[in-house]
Amino acid sequence: MPQEQSFQHHAKLDPLTHYVLVPIFFVNMIVATVWAWQHRTHHPLHNAWMIVMATALLLLTAKLRFYALGNQNRIIRLEERLRLASLCTPSELVELDSLTTRQLIALRFASNPELPALARRAVRENLEPKAIKAAIQSWRADHQRV
């Protein structure tokens, strides 16, 4: 059972990515570099290629993670815009149109009753995501974020 989400406990790590793939590829890059250095006089092209491939694997892991987070951010932005549209008046939506993606992502944790007021405050005071999350009184968990 997942831990109850709150301002203090809402970040989520992907164990396969953070604790398996990234460390393996990072160690692989170090091993390839050390091996290439120790054998620098034999097969220099092969040694360089091992370093290039080790670096590429590490960068690929990071890039795939950033793509997934980017897509999630777009989906959250859409969900929160739809939620605001159902909870706010058209005149309020005009003001709330200036919410940034980062603000919308932070607002996803606010309950429906407090969302419109907190969104207006976020716009008027240009609140950072951390301040928005700290201001939430009734936390709405998001267990699908990876």
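Two rings of Phe, Tyr or Trp, the six-membered ring being taken for Trp, count as an aromatic pair if their centres lie within 6.5 Å. The views below show a predicted model.

**View 1. An aromatic pair formed by Phe-109 and Trp-139.** By the rule just given, the count comes to one aromatic pair. The rings of Phe-109 and Trp-139 are stacked, with 4.5 Å from centre to centre and 20° between the planes. Phe-109 lies in the loop between helix H4 (101-107) and helix H5 (115-124), while Trp-139 lies in the segment after helix H6 (129-135), so the pair ties together parts that are 30 residues apart in sequence. Phe-109 counts as buried, because its relative accessibility is 1% and the cut-off for a buried residue is under 20%.

**View 2. The contact of helices H1 and H2.** The axes of H1 (residues 15-38) and H2 (residues 44-87) come within 8 Å and cross at roughly 165°, and the two helices are therefore roughly antiparallel to each other. Their crossing is left-handed. The residues of this contact divide into 13 nonpolar, eight polar and one charged. Among them are Leu-21, Phe-25 and Trp-35 in H1, and Met-50, Leu-58 and Arg-65 in H2.

**View 3. Two loop residues with a positive phi, His-43 and Asn-126.** Most residues other than glycine have a negative phi. His-43, which is not a glycine, nevertheless has a positive phi of about 55°, and its place is in the loop between H1 and H2. Asn-126, in the loop between H5 and H6, has a positive phi near 50°. His-43 counts as exposed at 59% relative accessibility, and Asn-126 counts as exposed at 56%.

Key: Residues are numbered from 1 along each chain as its sequence is written. This is a predicted model: local features need pLDDT of at least 70, side-chain atom pairs count only at pLDDT 80 or more; totals for chains, interfaces and linings use all residues. Side-chain values use heavy atoms; hydrogens and water are left out. Axes are lines fitted to C-alpha atoms, for helices over the stretch in contact, and angles run from 0 to 180 degrees between N-to-C directions. Helices (H or I, at least four residues) and strands (E, at least two) are DSSP runs, numbered from the N terminus. Angles under 35 degrees count as roughly parallel, over 145 as roughly antiparallel, 65 to 115 as roughly perpendicular and the rest as oblique. A crossing is left-handed if the near helix is turned anticlockwise from the far one by less than a right angle, and right-handed if clockwise. Contact means heavy atoms within 4.5 Å. Ala, Val, Leu, Ile, Met, Phe, Trp, Tyr, Cys and Pro count as nonpolar, Asp, Glu, Lys and Arg as charged, and the others, Gly among them, as polar. Rings of Phe, Tyr and Trp (its six-membered ring) pair if their centres lie within 6.5 Å; planes under 30 degrees apart count as stacked, over 60 as edge-to-face and the rest as tilted. Buried means under 20% relative accessible area, exposed over 50%, partly exposed in between (1.4 Å probe, protein chains only).
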